[in-house]
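Colleague: Could you take me through one part of this model in close detail, starting from a single buried side chain and working outwards? I would like to see how the neighbouring pieces fit around that spot, and then how the sheet elsewhere in the chain is put together.

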Amino acid sequence: MSNSSDTSATLEQRDDYRWLTSPAAEPWLSSMRDSQLPLTAQVAALRRELSPERTHLVLELTALRDRAQAKFTYAGTMFFTARGLEQATDEIVAAYKARRFHGRDVIFDLCAGIGGDLLALAAAGETTAFDRDPIMAILATANGRACVDRRTTVNPPPICHALDVEQLGEQPDFAECSAWHIDPDRRSTGRRTTRVDLHEPATGAIDRLLARNPHAAIKLSPAAQLPDDWPERAELEWISRGRECRQLVAWFGKLAHDTDRRRATVLGDGTMPPRSILGTVELAPPRIAPIGRYLFEPDAAVLAADLGPALAAEQSLAGISTGIAYWTGDAPLVDPALACFEVLEVLPFRVKPLASLLRARNIGQLEIKKRGVALDPAELRRQLRLKGDDSATLLLAPIAKRVTAVLARRVSQD
């Protein structure tokens, strides 16, 4: 989450959120969770007993708990705001990050938001959290109470304090903690930004925190524009899950494993080991070769980390065109960092011949992927007028200055 700039919560709003996270609200939340009534009837039932503000909070939280199932096992007992849920680290990514904190006696989580990372850190060591938004502090504390008690852990449920992290940096406890995690606000100006110097807290404040305690994990956007000296001081790790690069973490101090190389890590559903690629950006791109029996697409974290050449070299793959992140080989590969496609047809890209080929192959479900091609997949799908029972993947890329179409079948990684 973030060191949210919304610090103007009124006493009434704080009271309403304290009520929402208390046993007093549970009957209403349970009623809405199990209700089959239309929304208007639900609202009417709540309004007979609750204020408009508390009615809204119950209805909003009921909807958010449903959405949060994709991120949290215990979503049905957790507490969210819409923005807090959107920005929260999901539990699989958070658990992976928290592994580096194991063995740390005292952990601080700064700009904790609703507590996505906090819950995982609390399983790694005794954790205290901070967020300058009092509403976030209330929700994070409630989430710690709701989730940590369900786990087998010797650590107490974490408490989140409403405190600006710049004030925290001046306190002796901060300098003495074993390690700390921070999620700066990327929307401090009202719009999302990748410039770390525009985050809240900004670069200068984070550097002051690092000067007081150098053992840190800083959660950032995958496309974050870093201060010039951070790549030399930190280990940079891009983390993806579900084919989406979720975040960049800058590891400092004793939390950094290797500051000479950057890392791309691909996470699955939590049951398989993480797949990491380590390397530098100085490697030459892969050699170019004709399209073979298989095409490969690197994971989003690999691309964000500029580690495509390192992965291609590791797997002995060739490129199909300069500057295009599709690679080729003659044997399938099972690698979480690569999507593998068996090539069925290779042809110049023209809509009518392609549509005829798809009809001949009875293809009615088509995944369309492209690199280096200015084309709207939805419009192309409309033009192809797909019909049939089979499925395939279409990959489009410029080769020798002409757009080439590769019809392929996605190969399972199981």
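**A close look, starting from Q247**

Modeller: Happy to! Let's start with a polar contact: the side chain of Q247 meets the side chain of T89 at 3.5 Å. Please keep in mind that this is a predicted model. Q247 sits in strand β7, which covers residues 244-251. Is Q247 buried or exposed? Its relative accessible area is 2%, so Q247 counts as buried.

The surroundings of Q247 fill in the picture. Leaving out residues up to four places away in sequence, Q247 touches T89, V93 and K97, then K219, L220 and P222, and also E237, W238 and I239. Two of these names come back in helix α6, where V93 and K97 are among the buried residues. The other buried residues of α6 are A94, Y96 and A98. A general point about helices helps here: with 3.6 residues a turn, residues three or four places apart point the same way. The N-terminal end of α6 has a cap as well, provided by D90, where a side-chain oxygen lies 2.9 Å from the backbone nitrogen of I92.

Following the chain onwards from α6 brings us to R104. R104 belongs to the loop between α6 (91-98) and β1 (106-110). You may like this one, since R104 is buried but forms no salt bridge. How far away is the nearest side chain of opposite charge? That side chain is D105, and it lies 8.7 Å from R104. A salt bridge here would need a side-chain nitrogen within 4 Å of a carboxyl oxygen, so D105 does not qualify. What the side chain of R104 does reach is the backbone oxygen of K254, at 3.5 Å. K254 is also one of the residues that R104 touches, together with A124, G125, S178, A179 and L255, again without counting residues up to four places away in sequence.

Now for the sheet. It is an open sheet of seven strands in the order β11-β12-β10-β13-β16-β15-β14, with mixed pairing. The edges are taken by β11 (318-319) and β14, each of which has a single partner strand, so one side of each is left without a neighbour in the sheet. As general background, strands of a sheet pair through backbone hydrogen bonds, either parallel or antiparallel.

Let's walk in from the β14 edge. Strand β14 (residues 363-370) runs parallel to β15 (residues 390-399), and seven bridges join the two. Within this pair, Q365 has S391 in β15 as its bridge partner. To get from β14 to β15, the chain passes through helix α16 (residues 377-384), and this β-α-β crossover is left-handed. The loop from α16 to β15 holds R385. R385 is not a glycine, yet its phi is positive, near 50°. At 66% relative accessibility, R385 counts as exposed.

The next pair changes sense. β15 and β16 (residues 402-411) are antiparallel and share seven bridges. T393 finds its bridge partner in A408 of β16. Two residues lie between these strands in the hairpin, and A400 takes a positive phi there, near 55°. Like R385, A400 is a residue other than glycine. A400 lies in the loop between β15 and β16 and is exposed, with a relative accessible area of 68%.

One step further in, β16 meets strand β13 (residues 338-348). These two run antiparallel and are joined by eight bridges. Here C340 stands opposite V411 in β16. If you follow the side chains along these strands, it helps to know that in a regular strand they alternate between the two faces of the sheet.

One more backbone detail is worth a look while you have the model open. The peptide bond from E200 to P201 is cis, with omega near 0°. P201 is found in the loop between β4 (179-182) and α11 (203-212).

Finally, the setting for all this. The protein chain has 16 helices and 16 strands, and its C-alpha atoms fill a box of roughly 65 × 55 × 40 Å along the principal axes. Of its 414 residues, 50% count as buried. Among contacts with a separation of 6 or more, residues 24 or more positions apart account for 69%.

Terms used. Residues are numbered from 1 along each chain as its sequence is written. This is a predicted model: local features need pLDDT of at least 70, side-chain atom pairs count only at pLDDT 80 or more; totals for chains, interfaces and linings use all residues. Side-chain values use heavy atoms; hydrogens and water are left out. Helices (H or I, at least four residues) and strands (E, at least two) are DSSP runs, numbered from the N terminus. Buried means under 20% relative accessible area, exposed over 50%, partly exposed in between (1.4 Å probe, protein chains only). Lys and Arg count as positive and Asp and Glu as negative; His and the chain ends are not counted. A polar contact is a pair of N or O atoms within 3.5 Å; within protein, one must be able to donate a hydrogen and the other to accept it, and residues adjacent in sequence count only if both atoms are side-chain atoms. Contact means heavy atoms within 4.5 Å. Two strands pair if DSSP finds at least two bridges between them. A crossover is right-handed if, with the strands pointing away from the viewer, the path from the first strand over the helix to the second runs clockwise.
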